[in-house]
Amino acid sequence: MTRKIVVIILAIIFMIPVYWTVISSFKTLGEIYQYPPTIFPKHFSLEGYNSIFKNMDFIRYLGNTLFVAIVSTIFTVFLCLTVGYSLAKGTFRGKNFLSSLIMITLFITAEITMVPLFIIIRKLGLMNSLWGLIIPAVFTPTGTFTAVQYMKDIPDELLESAKIDGATEIQIFNRIIVPLSKPLIAALSIFSFTWRWNDFILPLIVINESKLYTIQLALSSLQGQYGVAWNEVLALTVLSIVPTLIIFLLFQNLFMKGLMAGGLKY
Amino acid sequence: MRKWVRNRFVFSIPSLILFLLFTFVPVVITIYFSFYSWDLLHPMKFIGFKNFKDLLSDNWFWNSIFVSFKYTFLSVPLIFILSLILGIFLQEEDRFSKTFRAFFYWPYMVPLVAAGTMWKWLLSTDTGMINAILSKLGFSNISWLENPHLALLSTVLVQVWVLTGFMMMLFITGLQNIPQELHEAAIVDGANKFQLFWKITFPLLKNTSVLVIILSIAYCFRNFTIVYILTTGGPGYATTVTPLYIYQQAFSSYRIGYASAMSLVFLIIIFFVSFFAFRVQEKESGEI
């Protein structure tokens with residue numbers, strides 16, 4: 001019983017920031033700045049949401065974000081499947097060295113290498129381009145290791161017998177590996193989409209033009225202005241977390257178990 | 001080439017190219033650029049070790065390293081204790097546990113910019129809910145984000161909010177892997193709940209605990225977004241963690257070479273911290 005009470009109290013505490021943001025986003029501008037603030041809104045209002053669509057290019061930001069997230073996801077799935085197959089079933093020398101090399105990427109993230117990353121992206125001519133948010137981010141160590149773990153469980157006999165039947169490596173990959181990896185592909189897609197949707201560092205250093213903003217970048221720059229319009233900030237915050245909430249609720253089991261060893265079964 | 005197809009190396013090539021280009025090369029050119037002075041406009045100038053000399057006397061840089069360490073060592077114990085308690089309380093596969101796990105895990109999926117914004121609004125001095133409740137109870141307002149002593153603690157709270165659920169899931173996996181017979185045997189021997197936890201459960205969770213600590217340290221050390229949104233490093237430099245200081249030097253002051261030198265020092269620190277963590281993990285897991 002104490003267990004349940006403690007858990008419920010903690011859950012309420014964890015949900016307070018979300019409650020306060022959502023509730024405030026439906027207040028009128030006057031009520032938002034009222035002192036002391038009202039814990040429940042007196043009037044239900046869509047002011048903040050309306051002004052996002054009126055004053056901001058919200059639909060464009062949404063389009064940019066969706067483009068980046070979807071295109072990245074396609075690349076990421078392709079990369080994870082190929083490198084996963086190579087590292088799980090490959091017979092080349094230096095395979096283990098390559099695996100541990102890729103492991104380094106877990107620690108050397110964009111937060112730490114943003115300066116050289118910026119220089120490279122500039123050299124490649126990807127500044128102020130949505131491709132500058134895609135190409136540097138599509139290779140993911142987490143996704144790679146998930147794919148390797150998953151493909152190690154695919155029986156070698158299947159590949160051997162296909163080889164005896166005269167199948168080429170490309171055919172084996174297309175006709176055996178890919179069809180057997182459907183749960184993996186689903187998991188990678190959902191994770192990759194969420195990562196790209198949430199991304200902030202790359203947009204911050206790559207994008208200057210406001211017509212190329214992603215939602216996260218728009219949300220951040222809205223707060224950088226002098227005299228922050230909190231009704232818009234709050235409404236945009238709510239809109240930016242809704243997709244992640246929907247994805248999370250739909251695929252809860254995958255998120256909670258998925259990327260932990262043994263969670264995926266083909 | 002044919003050999004590379006046969007041994008399946010060829011399937012690694014696309015990922016390998018991107019890995020080299022966006023993880024390996026950045027580290028190499030960080031070293032290169034740290035010997036140059038460059039403001040993006042004028043041609044680069046080789047200046048030898050001057051960036052490193054400047055860095056040694058740059059108090060704000062060393063302050064940012066200190067802030068990063070403080071941030072990490074405040075966050076990690078809180079995350080550890082909270083996620084362990086939640087892991088223990090929610091380890092069963094019953095309906096209650098499954099429902100409530102979601103409340104703690106979901107914050108991990110929330111974009112960091114949105115998470116920072118929500119907390120900024122919650123902790124705001126005049127319009128935040130925390131101060132509204134405090135004033136209802138007769139206390140005076142607290143400047144959560146403007147007070148230099150409280151600001152770092154506020155950013156730590158956000159980090160705890162974001163990471164606890166993910167670490168909780170690691171503990172739940174670890175707890176579910178402990179053989180049930182061990183518990184039953186201990187109960188037959190008359191062990192109470194606390195003895196059961198300290199003598200049996202906790203020692204068997206050693207590997208999970210080490211993993212949780214390593215991952216938490218890695219996450220907290222590279223934190224940039226939470227601080228950027230919540231306080232932009234302020235008040236003064238009270239919450240300026242190293243990645244934020246590097247960002248400001250590179251993209252506000254346009255000191256690319258100097259920022260590279262700082263990145264290099266920070267990379268070396270990160271390398272030692274993670275190397276140390278890996279060694280501890282190897283030692284620990286060797287014992288079981």
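The following exchange covers burial, contacts and secondary structure in a predicted two-chain model, A and B.

User: What makes α13(B) a mostly covered helix?

Analyst: Start with its extent: α13 of chain B spans residues 242-251. Eight of its ten residues are buried. A residue counts as buried when 20 or more other C-beta atoms lie within 10 Å of its own. Eight of the ten meet that cut-off, so the helix is called mostly covered.

User: Which residues of α13(B) are buried?

Analyst: They are T242(B), P243(B), L244(B), Y245(B), I246(B), Y247(B), Q249(B) and A250(B).

User: How much of each chain is buried?

Analyst: In chain A, 44% of the 266 residues are buried. In chain B, the share is 42% of 288 residues.

User: How do you know what share of contacts in chain A joins residues at least 24 apart?

Analyst: A contact needs C-beta atoms within 7 Å. Take the contacts in chain A between residues at least 6 apart in sequence. Of these, 73% join residues at least 24 apart.

User: What is the corresponding share in chain B?

Analyst: For chain B, 72% of the contacts with a separation of 6 or more come from residues 24 or more positions apart.

User: What secondary structure does each chain have?

Analyst: Chain A has 15 helices and zero strands. Chain B has 14 helices and two strands. A strand needs a DSSP run of at least two E residues, so chain B holds two such runs and chain A none.

User: What box do the C-alpha atoms of each chain fill?

Analyst: Along the principal axes, chain A fills roughly 75 × 60 × 30 Å. For chain B, the box is roughly 75 × 75 × 30 Å.

Note on methods: Residues numbered from 1 in each chain as written. Chains lettered and ligands numbered in written order. Predicted model: local features only at pLDDT ≥ 70, side-chain atom pairs only at ≥ 80, totals over all residues. Helix = DSSP H or I, 4+ residues; strand = E, 2+ residues; numbered from the N terminus. Buried ≥ 20, exposed ≤ 12 C-beta atoms within 10 Å, placed from the backbone. Contact = placed C-beta atoms within 7 Å.
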